[in-house]
Amino acid sequence: MANPKLSREDIDKIVIIICTWRSKPFTWDLLVSRIEAELEITISRQALSGSSKGNKNYPTILKTYRLQKQMLKSLDSKRGTKGGLEEQSKSEKQSTAPIRA
């Protein structure tokens with residue numbers, strides 16, 4: 001598959017997709033699928049991450065991906081869960097239930 005050269009506008013849209021990702025799992029393959037679905041751009045994860053032939057085409061995307069991945073891991077460790085937002089909402093519902101004596 002020939003990967004398209006991304007415009008600055010495309011890169012900005014991909015960065016927004018990454019920054020607004022709130023659920024786990026968060027992987028390159030899922031990101032590629034979402035880019036294809038939302039932006040109608042077909043591109044490989046290797047091209048996005050810059051790992052194809054040692055190429056570093058999109059450092060902004062790579063840096064943003066790594067930061068978001070770390071942020072999602074950090075949120076999970078703070079919550080003490082592996083399930084992400086769904087697990088948090090379950091525990092919040094349980095903690096807001098009235099206490100009966």
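This report describes the fold, the nonpolar core, the aromatic residues and some local features of a predicted model.

**Overall picture**

The protein chain has five helices and zero strands. Its pattern along the sequence is therefore written α-α-α-α-α, in which each symbol stands for a helix as assigned by DSSP. Of its 101 residues, 29% count as buried. The chain exposes about 7,100 Å², and carbon and sulfur atoms supply 53% of that area. Among contacts with a separation of 6 or more, 60% are between residues 24 or more positions apart.

Confidence varies along the chain. The average pLDDT is 79, and 69% of the residues score at least 70. Over residues 84-101, pLDDT stays under 50, and the model has six contacts beyond four places in sequence for this stretch. Where pLDDT is low, the predicted coordinates should not be read in detail.

**The nonpolar core**

The largest nonpolar core holds 21 residues, and Leu6, Leu31, Leu48 and Ile61 touch the most other members. Helices H1, H2, H3 and H4 (59-79) each give two or more residues to this core. The largest share, five residues, comes from H1. In soluble globular proteins, nonpolar side chains tend to be buried together.

Leu31 shows how parts of the sequence meet. Apart from neighbours within four places in sequence, Leu31 is in contact with Ile17, Ile18, Trp21, Leu48 and Tyr65. Two of these partners, Trp21 and Tyr65, also belong to an aromatic cluster, together with Phe26 and Trp28.

**Aromatic residues**

The whole structure contains three aromatic pairs. One of them joins Trp21 and Phe26, with 4.9 Å from centre to centre and 55° between the planes, and is classed as tilted. Both partners of this pair are covered. Trp21 is buried because its relative accessibility is 6%, under the 20% limit. Phe26, at 2% relative accessibility, is buried as well.

**Where helices H1 and H4 meet**

Cys19 is in helix H1, which covers residues 8-19, and Gln68 is in helix H4. These two residues are 49 positions apart in sequence, yet their C-alpha atoms are 6.4 Å apart in space. Beyond four places in sequence, Cys19 touches Thr64 and Gln68. On the same basis, Gln68 touches Ile18, Cys19, Trp21, Arg22 and Phe26. The contacts of Gln68 thus include both members of the tilted pair, Trp21 and Phe26.

Are Cys19 and Gln68 buried or exposed? Gln68 counts as buried because its relative accessibility of 7% is under 20%. Cys19 is at 35%, so Cys19 falls between the 20% and 50% limits and counts as partly exposed.

Lys73 is also in helix H4. Its C-alpha atom lies 10.0 Å from that of Pro25, and the two residues are 48 positions apart in sequence.

The table lists the accessibility of several residues discussed in this report.

| Residue | Relative accessible area | Class |
|---|---|---|
| Ser44 | 13% | buried |
| Cys19 | 35% | partly exposed |
| Lys73 | 45% | partly exposed |
| Glu40 | 71% | exposed |

**Features in the loops**

Pro25 is in the loop between H1 and H2. The peptide bond from Lys24 to Pro25 is cis, with omega near 5°.

The loop between H2 and H3 contains Glu40. Phi of Glu40 is near 55°, a positive value in a residue other than glycine. Most residues other than glycine have a negative phi, and most peptide bonds are trans. Glu40 is exposed because its relative accessible area of 71% is over 50%.

Ser44 lies in the loop between helix H2 (28-39) and helix H3 (45-49). What lies 3.0 Å from a polar atom of the side chain of Ser44? The backbone nitrogen of Ala47 is at that distance. Ser44 is buried, with a relative accessible area of 13%, whereas Glu40 is exposed.

Note on methods. Residues are numbered from 1 along each chain as its sequence is written. This is a predicted model: local features need pLDDT of at least 70, side-chain atom pairs count only at pLDDT 80 or more; totals for chains, interfaces and linings use all residues. Side-chain values use heavy atoms; hydrogens and water are left out. Helices (H or I, at least four residues) and strands (E, at least two) are DSSP runs, numbered from the N terminus. Buried means under 20% relative accessible area, exposed over 50%, partly exposed in between (1.4 Å probe, protein chains only). A polar contact is a pair of N or O atoms within 3.5 Å; within protein, one must be able to donate a hydrogen and the other to accept it, and residues adjacent in sequence count only if both atoms are side-chain atoms. Contact means heavy atoms within 4.5 Å. Accessible areas come from the Shrake-Rupley method with a 1.4 Å probe; for residues, only the protein chains shown count as cover. A nonpolar core is a set of buried Ala, Val, Leu, Ile, Met, Phe, Trp, Tyr and Cys residues joined through side-chain atoms within 4.5 Å. Rings of Phe, Tyr and Trp (its six-membered ring) pair if their centres lie within 6.5 Å; planes under 30 degrees apart count as stacked, over 60 as edge-to-face and the rest as tilted. pLDDT is the predictor's confidence in each residue, from 0 to 100.
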